[in-house]
Amino acid sequence: QVQPVESGGGLVQAGGSLRLSCAASGRTYAMGWFRQAPGREREFVAAINWRGDSTYYADPVKGRFTISRDGAKNTVYLQMNSLKPEDTAVYYCALSRRNIATTMREYDYWGQGTQVAVSS
């Protein structure tokens, strides 16, 4: 069973920063981050292709979040700066066998999620 493992969530004040990590085992996948706030649907946040040279971001996080990957470690990072209370959610890492993916249905494996809470 392939399952990515997230880490790095926590509580931070508005304007602060957090870095999430997602480690995958086995082959190299395109990787992405989604988030789900209470009472809301899961939404796309950012994605990176398997080579690490192509990235996509949702509009609400552009300019504040950066996705990157370490190929040697098969790990993807989500650097989140200038955090806002509306960024509060459970953040999920996902793996795709496609070159890159930006919708939930394009992802094949999902992590358990890590909580991010931003206080005002």
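**Exercise 1. A salt bridge across the sequence**

The side chains of arginine 35 and aspartate 87 form a salt bridge, 2.9 Å from N to O. Work out which parts of the chain the pair of arginine 35 and aspartate 87 ties together.

*Solution.* The model is a predicted one.
Step 1: place the partners. Arginine 35 sits in strand 4, residues 30-36. Aspartate 87 sits in the loop between strand 8 (75-80) and strand 9 (89-96).
Step 2: take the sequence separation. The pair ties together parts that are 52 residues apart in sequence.
Step 3: check burial. Arginine 35 and aspartate 87 are both buried.

**Exercise 2. From pair to network**

Find which residues are joined with arginine 35 into one network by salt bridges that share partners.

*Solution.* Step 1: look for another partner of arginine 35. Its side chain also meets that of glutamate 43 in a salt bridge, with N to O at 2.7 Å.
Step 2: compare the burial classes. Buried means under 20% relative accessible area. Arginine 35 has 7% relative accessibility, so it counts as buried. Glutamate 43 has a relative accessible area of 29%, so it is partly exposed.
Step 3: turn to another bridge. Glutamate 106 and arginine 98 meet through their side chains at 3.9 Å, N to O. Glutamate 106 is buried, at 18% relative accessible area. Arginine 98 is partly exposed, at 49% relative accessibility.
Step 4: join the bridges that share partners. They link Arg35, Glu43, Arg64 and Asp87 into one network.
Step 5: set this against the total. The structure holds seven salt bridges.

**Exercise 3. Positive phi**

Decide whether asparagine 74 is buried or exposed, and do the same for serine 82: is it buried or partly exposed?

*Solution.* Step 1: recall the background. Most residues other than glycine have a negative phi.
Step 2: read the angles. Asparagine 74 is not a glycine, yet its phi is positive, about 50 degrees. Serine 82, also not a glycine, has a positive phi of about 50 degrees.
Step 3: locate the residues. Asparagine 74 is in the loop between strand 7 (65-70) and strand 8. Serine 82 is in the loop between strand 8 and strand 9.
Step 4: assign the classes. Asparagine 74 has 9% relative accessibility, so it counts as buried. Serine 82 has a relative accessible area of 42%, so it is partly exposed.

**Exercise 4. Around alanine 117**

Which residues does alanine 117 touch, not counting residues up to four places away in sequence?

*Solution.* Step 1: place the residue. Alanine 117 belongs to strand 11, residues 114-119.
Step 2: list the contacts. With residues up to four places away left out, alanine 117 touches Gly10, Leu11, Val12 and Thr88.
Step 3: assign the class. Alanine 117 is partly exposed, at 22% relative accessibility.
Step 4: add a distance. Phenylalanine 44 is 73 residues away along the chain, and its C-alpha atom is 18 Å from that of alanine 117.

**Exercise 5. The whole chain**

Test whether the radius of gyration agrees or disagrees with a compact globule.

*Solution.* Step 1: count the elements. There are 11 strands and zero helices.
Step 2: compare radii. A compact globule of 120 residues would have a radius of gyration near 14 Å. The protein has 13 Å, which agrees.
Step 3: add the box. Along the principal axes, the C-alpha atoms fill roughly 40 × 25 × 25 Å.
Step 4: add burial and contacts. Buried residues make up 43% of the 120 residues. Of the contacts with a separation of 6 or more, 58% join residues 24 or more positions apart.
Step 5: finish with the surface and the charges. The protein exposes about 6200 Å², with 45% supplied by carbon and sulfur atoms. The mean positions of its 14 positive and 10 negative charges are 3 Å apart.

Note on methods:
Residues numbered from 1 in each chain as written. Predicted model: local features only at pLDDT ≥ 70, side-chain atom pairs only at ≥ 80, totals over all residues. Heavy atoms only, no water. Helix = DSSP H or I, 4+ residues; strand = E, 2+ residues; numbered from the N terminus. Rg over C-alpha atoms; globule rule 2.2 N^0.38 Å. Buried < 20%, exposed > 50% of the residue type's maximum accessible area, 1.4 Å probe, protein only. Contact = heavy atoms within 4.5 Å. Areas by Shrake-Rupley, 256 points an atom, 1.4 Å probe, with all protein chains shown as cover. Lys, Arg positive; Asp, Glu negative; His and termini not counted. Charge placed at Lys NZ, Arg CZ, Asp CG, Glu CD. Salt bridge = Lys/Arg side-chain N within 4 Å of Asp/Glu carboxyl O.
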